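Trainee: Could we go through this model together, one question at a time?
Mentor: Gladly, let us have a look.

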Amino acid sequence: MKNRTISIIVIVDVVGALASGSLKDNIYFIDNNRKRGSEKEGTGELKTKVEMGDHLIWNILPLEPEAFSQLVDIVIDPEYVEKRILTFKDSDITGWVGEVRKSPDILPYQLVLKLGNEHQEFITPDSAFIIGG
Amino acid sequence: MQNQINIIVFVDTIGALSSQSLDKFTYAVDNSEFNSTGQGTASLSTICQPGQVIQWIICAIDLQTPAAINNIRFLPVNPESELFEEPDEQQYVNENPDLDVWKGIVPATMIPGVPYRYVFEVVIGEGKNSLLSIQTLSLIRN
Amino acid sequence: MSQEISILLLVDIDAAIDDNSLESNVYMIDNLRTEGSINECSGNLVTAVNGTHWQDGTQAGEIIINWLISTISCLPPALPRNYHSHRSKMIENNTLHNIHHLHSKQDIETVEDIKSRYQSIMEEKGHSAHVIDARGEATNTGLVVMDVYGDPYHPGESKQSDLSHQQPVITNITGEAVDLGVIFPVQLGTPVVLKDGWYWCATADSGKTGTYKYTIHITLFKLKYANGIASWEPVKMTWDSQLKVTSEPKRNGFTKGAMSFLPFK
């Protein structure tokens with residue numbers, strides 16, 4: 001049996017980020033694993049609870065649907081979480097998925113986003129986390 | 001002669017914020033009964049007469065990304081040269097731009113035939129990149 | 001000039017259905033953090049409705065509030081709106097193609113082989129979802145129940161966490177803010193992608209300053225399998241939120257007082 005897939009949705013205030021030049025206070029993480037131990041839902045420092053073998057899928061949701069936003073990379077230790085790009089069948093839309101190879105105590109990670117017409121690059125200022133234990 | 005001229009400045013707020021420039025993302029129109037030049041561009045020159053009221057309204061093309069007028073200030077007029085460029089002044093940040101109604105009466109002292117350029121400052125969102133301006137709009141008495 | 005306020009609700013559907021409550025399972029965000037809204041991305045959002053008025057007290061700017069709702073586990077919002085139906089058709093085409101070429105498979109020798117191969121093709125294609133309406137009647141949507149990867153969902157084989165849920169809907173906005181005439185909600189249709197056809201919005205009377213509660217009526221959908229048919233059954237819930245209405249007087253931009261001559265230099 002496949003292990004769980006944990007969805008992490010990342011809400012971005014694109015205008016807030018472009019106007020202030022930073023993702024600070026302009027990004028929120030929520031996952032669907034609160035009942036199994038995730039903490040700090042709805043903040044920039046979400047702690048997603050996982051077990052070995054779990055799959056993670058990240059989705060970006062811009063507050064302003066007309067603004068361009070894209071997740072271009074996830075900076076995470078491959079010893080614990082192996083990341084790859086997934087292309088959704090019959091579309092040209094891609095997403096990021098990860099497989100938990102080894103359950104960490106507390107593993108910080110960062111997201112790299114491109115926002116706005118000029119595809120300006122932003123990195124999350126605080127870390128979100130994957131927690132095991 | 002109409003009592004009031006409305007100048008509506010349309011701004012593509014996401015475009016302007018992304019490229020940090022209003023130049024290519026501003027489309028100004030007015031309803032002056034005279035033939036203003038540059039309708040629909042960032043170089044609108046509104047033709048007016050003393051005694052008329054002029055009102056500026058800003059309109060963000062994306063309603064979920066609103067823009068507000070931070071300030072409108074007129075550049076000194078030199079009848080011999082129209083190419084006066086103002087040096088960067090201390091940036092004035094309006095605390096409550098949504099409360100301002102940008103409306104004023106054209107004074108009788110306005111010199112005919114000379115463009116009165118003004119600095120049109122816009123604020124989009126909040127933060128160090130939120131204040132943008134253009135200097136290519138003007139009023140002119142015919 | 002009008003101000004459009006967008007309030008987004010995100011629901012952890014499985015947890016909400018398990019708990020039969022949205023408590024700790026709904027997160028609300030608006031686009032007014034810098035304008036005074038508090039508790040962003042929580043169940044306790046207080047939305048700042050900043051109005052303005054003229055000297056005679058009449059409201060100076062139109063205020064529109066839009067409510068949108070979505071789930072945490074879902075297919076990416078970036079996918080085109082018709083992805084689900086397009087993908088369902090592709091899966092159907094693929095199934096027909098596999099059945100058509102059944103006879104040409106190398107390892108098909110007996111009738112039993114054909115039967116079991118056919119069986120696995122039919123299982124692979126997943127289930128078409130029905131939606132149960134208020135009268136308890138089921139309508140076939142023609143859309144395959146999918147997982148968050150865009151593949152057919154198989155109960156038992158995939159864990160429930162993989163499921164891409166039928167989007168919840170807001171069915172009404174009621175409460176103190178409506179009863180006191182602070183907001184006037186209405187359901188409208190729209191072609192906008194994220195709003196999926198229908199959405200609730202309201203105009204606001206910013207003359208009624210103060211903090212007001214309002215109730216959002218939400219229908220979630222729970223997946224049920226019976227007699228080989230997959231159906232989304234509605235589960236109704238409500239969630240309370242608040243609006244904080246203020247109003248400031250308009251003033252002239254040039255003088256910060258009354259209108260005067262343009263300040264030429």
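Mentor: Before we start, two residues are in contact if their C-beta atoms, placed from the backbone, lie within 7 Å. Keep in mind too that this is a predicted model.

Trainee: Which residues does Val10(A) touch, leaving out those up to four places away in sequence?
Mentor: With those sequence neighbours set aside, one partner is Leu111(A). The others in the list are Ile27(A), Phe29(A), Trp58(A), Asn59(A), Ile60(A) and Leu61(A).

Trainee: How many residues make up the largest nonpolar core?
Mentor: Val10(A) is among the residues with the most contacts inside this core, as are Val122(B) and Val11(C). Strand S10 (residues 210–226) of chain C gives the largest share, seven residues. At least three residues come from each of domain 1 (3–74 + 165–249) and domain 2 (83–155) of chain C. The size of the largest nonpolar core is 127 residues.

Trainee: Which strand gives the largest share of the side of domain 1 of chain C that touches domain 2 of chain C?
Mentor: The C-alpha centres of these two domains of chain C are 36 Å apart. Their contact takes 10 residues from domain 1 and nine residues from domain 2 of chain C. On the domain 1 side, S10 and strand S11 (229–249) of chain C each supply at least two residues. The largest share, six residues, comes from S11(C).

Trainee: Which element of chain C gives the most residues to the side that touches chain A?
Mentor: Here 31 residues of chain C are in contact with 30 residues of chain A. By class, the chain C side has 16 nonpolar, nine polar and six charged residues. Helix H1 (13–19), strand S2 (26–30) and helix H2 (83–100) of chain C each give two or more. With four residues, the one that gives the most is H2(C).

Trainee: How far apart are the end C-alpha atoms of H2(C)?
Mentor: At 1.5 Å a residue, its 18 residues should span 26 Å. The distance in the model agrees with that: 25 Å.

Trainee: Why do the buried residues of H2(C) lie on the same side, and how wide is their arc?
Mentor: The buried residues are His84(C), Arg87(C), Ser88(C) and Ile91(C). An α-helix has 3.6 residues a turn, so residues three or four places apart point the same way. The four buried residues are on the same side of H2(C) because the arc they cover around the axis is only 105°.

Trainee: Which exposed residues does the face of H2(C) turned away from its buried side carry?
Mentor: The buried side has a cover that includes strand S6 (138–144) of chain C. The face turned away from that side carries the exposed residues Asn93(C), Leu96(C), His97(C) and His100(C).

Definitions and conventions: Residues are numbered from 1 along each chain as its sequence is written. Chains are lettered from A and ligands numbered from 1 in the order in which they are written. This is a predicted model: local features need pLDDT of at least 70, side-chain atom pairs count only at pLDDT 80 or more; totals for chains, interfaces and linings use all residues. A nonpolar core is a set of buried Ala, Val, Leu, Ile, Met, Phe, Trp, Tyr and Cys residues joined through C-beta atoms within 7 Å. A residue is buried if 20 or more other C-beta atoms lie within 10 Å of its own, exposed if 12 or fewer, and partly exposed in between; C-beta atoms are placed from the backbone. Domain bounds come from an automatic or database domain assignment. Ala, Val, Leu, Ile, Met, Phe, Trp, Tyr, Cys and Pro count as nonpolar, Asp, Glu, Lys and Arg as charged, and the others, Gly among them, as polar. The expected span of a helix is 1.5 Å times one less than its number of residues. The arc is that of the directions from the helix axis to the C-beta atoms.
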